[in-house]
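Here is a friendly walk through a few side chains worth a look. Have the viewer open and follow along.

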Amino acid sequence: MPIFGDSSSGVDQFPMADGRCLVDRFNCPDSASITRASAYRGAGSASGASWKFVILSDAPDEPATVLYVSNATAVGAGAGWVDFTFSGSPSLAPGDYWLGVVANSFQAYLGEDATGAGIDVCMANGSFDYATPPGTWPGTDDSYGVGLNVYVT
C-alpha cells in the first residue's frame, strides 16, 4: 500500500485550537486512490477534541485549493495515531500536496519533528472553519520550520 507523507511519530508537538489548521507539503510520486489518512497526536493530548484531515493542492510555497476533507474523528488522550476516512473515493495525481488537520478545540496536540532544513508548515490560525471547511486556503497566519507527522495511504 503506497504511503506519502511522514509516518514517523515525532517527539515534539504543536497545540491545536478551534479553527486552527496545520498543513505540511509532501510529494505524491504516483497516482493514488486514498484509502485512509493518519495524524500523530502528541503526548500532551487530552480527550475532547475532534480533528478532520485535509488535503490541499499546491501553489508556489503555499497551500491552494482544499481538495478533500475527511470525516470528523475524535482525538483521544496521550500519544498515538489517529486514523481518518473519507467519503467517496478520493484520488490524487502525482505531484505536491499539503496534508494536515483542522481542529475543533484546544485539547489535542499534533505530533511534529522539530528538525529538518527547509521543512515548512503553514498555519491558518482560527480562520479555517472546522464545521464548514473553506474551498481554498484562507491564508497563512504563520509558518514553521518543522515537519508534521501526517500521511495518507
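What follows covers the cysteines, one lysine and the aromatic pairs of this predicted model.

**Cysteines**

Let us begin with sulfur. How many disulfides does the structure hold? The count is 0. Cys21 is in no disulfide, and the nearest cysteine sulfur, that of Cys122, is 9.8 Å away. Seen from the other side, the closest cysteine sulfur to that of Cys122 is in Cys21, and at 9.8 Å it is too far for a bond, because a disulfide needs the two sulfur atoms within 2.5 Å. Is Cys21 buried or exposed? Cys21 is buried, as its relative accessible area is 0%. Cys122 counts as buried too, with a relative accessibility of 2%.

**A buried lysine**

Next, please find Lys52, which sits in strand S6 (residues 49-59). Lys52 is buried yet has no salt bridge. Which side chain of opposite charge is nearest to Lys52? That is Asp129, at 7.5 Å; a salt bridge would need a side-chain nitrogen of Lys or Arg within 4 Å of a carboxyl oxygen. A polar atom of the Lys52 side chain does lie 2.9 Å from the backbone oxygen of Tyr130. Tyr130 also appears among the residues in contact with Lys52 once neighbours within four places in sequence are left aside. That list further includes Val69, Ser70, Asn71 and Ala72, together with Phe84. Gly100, Val101 and Val102 are in it as well, as are Ala131 and Pro133.

**Aromatic pairs**

Now to the rings, where the count comes to 7 aromatic pairs. Two of them are set out here.

| Pair | Distance between ring centres | Angle between planes | Class |
|---|---|---|---|
| Phe14 and Tyr144 | 5.0 Å | 65 degrees | edge-to-face |
| Phe128 and Trp137 | 6.1 Å | 55 degrees | tilted |

Why is the pair of Phe14 and Tyr144 edge-to-face? The ring planes of Phe14 and Tyr144 are at 65 degrees, and planes over 60 degrees apart count as edge-to-face. This pair links distant parts of the chain: Phe14 belongs to strand S2 (residues 12-15) and Tyr144 to strand S14 (residues 142-144), 130 residues apart. Phe14 counts as buried at 12% relative accessibility, whereas Tyr144, at 25%, is partly exposed.

For Phe128 and Trp137, the planes are at 55 degrees, so the pair is tilted. Both Phe128 and Trp137 are buried. Which residues form one aromatic cluster? They are Tyr40, Trp81 and Tyr151.

Methods
Residues are numbered from 1 along each chain as its sequence is written. This is a predicted model: local features need pLDDT of at least 70, side-chain atom pairs count only at pLDDT 80 or more; totals for chains, interfaces and linings use all residues. Side-chain values use heavy atoms; hydrogens and water are left out. Buried means under 20% relative accessible area, exposed over 50%, partly exposed in between (1.4 Å probe, protein chains only). Helices (H or I, at least four residues) and strands (E, at least two) are DSSP runs, numbered from the N terminus. Lys and Arg count as positive and Asp and Glu as negative; His and the chain ends are not counted. A polar contact is a pair of N or O atoms within 3.5 Å; within protein, one must be able to donate a hydrogen and the other to accept it, and residues adjacent in sequence count only if both atoms are side-chain atoms. Contact means heavy atoms within 4.5 Å. Rings of Phe, Tyr and Trp (its six-membered ring) pair if their centres lie within 6.5 Å; planes under 30 degrees apart count as stacked, over 60 as edge-to-face and the rest as tilted.
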